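This report describes the fold, surface and charged pairs of one protein. The sequence and structure come first.

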Amino acid sequence: MPDRVTGAVQLVVSELVTNALKYASGPCLVTLSTGEGVVEVTAWDSEPHLPVAQPSDPGRVGRHGLEIVTALCRSFEMHREPVGKRIVAAVALADDPVGDEAGDRVR
């Protein structure tokens, strides 16, 4: 796996787990899988509220995790579950030929 992909996946996992530990009162679960040219990071936690991206503010310290994750990923999805929520972020294994790493599948 290219170093770029390894670093991006590590950062995505770090951001998603950090948010789960910070905002959810219960357990969290992270799985990694590969398919269709991506490494898919799925994070589940017990907090039902979906994260909301903050407005761009270069003076803001912290709370940039969602911006970072969506910038690194080809796709990003959030789903409420019967208990908690599930976030699925896909990091491309190859460079995107269009140059738009976030793609147009951010939901």
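What does the accessible surface of the protein come to, and what share of it belongs to carbon and sulfur atoms? The total is about 6600 Å², with 57% belonging to carbon and sulfur atoms; areas come from the Shrake-Rupley method with a 1.4 Å probe.

The model is predicted: local features need pLDDT of at least 70 and side-chain atom pairs count only at pLDDT 80 or more, while totals for chains, interfaces and linings use all residues. Residues are numbered from 1 along each chain as its sequence is written, and side-chain values use heavy atoms, leaving out hydrogens and water.

The protein has 2 helices and 5 strands, in the order α-β-β-α-β-β-β from the N terminus. Helices (H or I, at least four residues) and strands (E, at least two) are DSSP runs, numbered from the N terminus. Of the 107 residues, 33% are buried (under 20% relative accessible area; exposed is over 50%, partly exposed in between; 1.4 Å probe, protein chains only).

There are 3 salt bridges, each a side-chain nitrogen of Lys or Arg within 4 Å of a carboxyl oxygen of Asp or Glu.

| Pair | Closest N to O distance |
|---|---|
| D45 and K85 | 2.8 Å |
| E67 and R60 | 2.5 Å |
| E81 and R86 | 2.9 Å |

D45 lies in strand β2 (residues 38-45) and K85 in strand β4 (residues 85-92), 40 residues apart. Both D45 and K85 are buried. R60 is buried at 16% relative accessible area, whereas its partner E67 is partly exposed at 30%. In the remaining pair, E81 is partly exposed at 27% and R86 is partly exposed at 30%.
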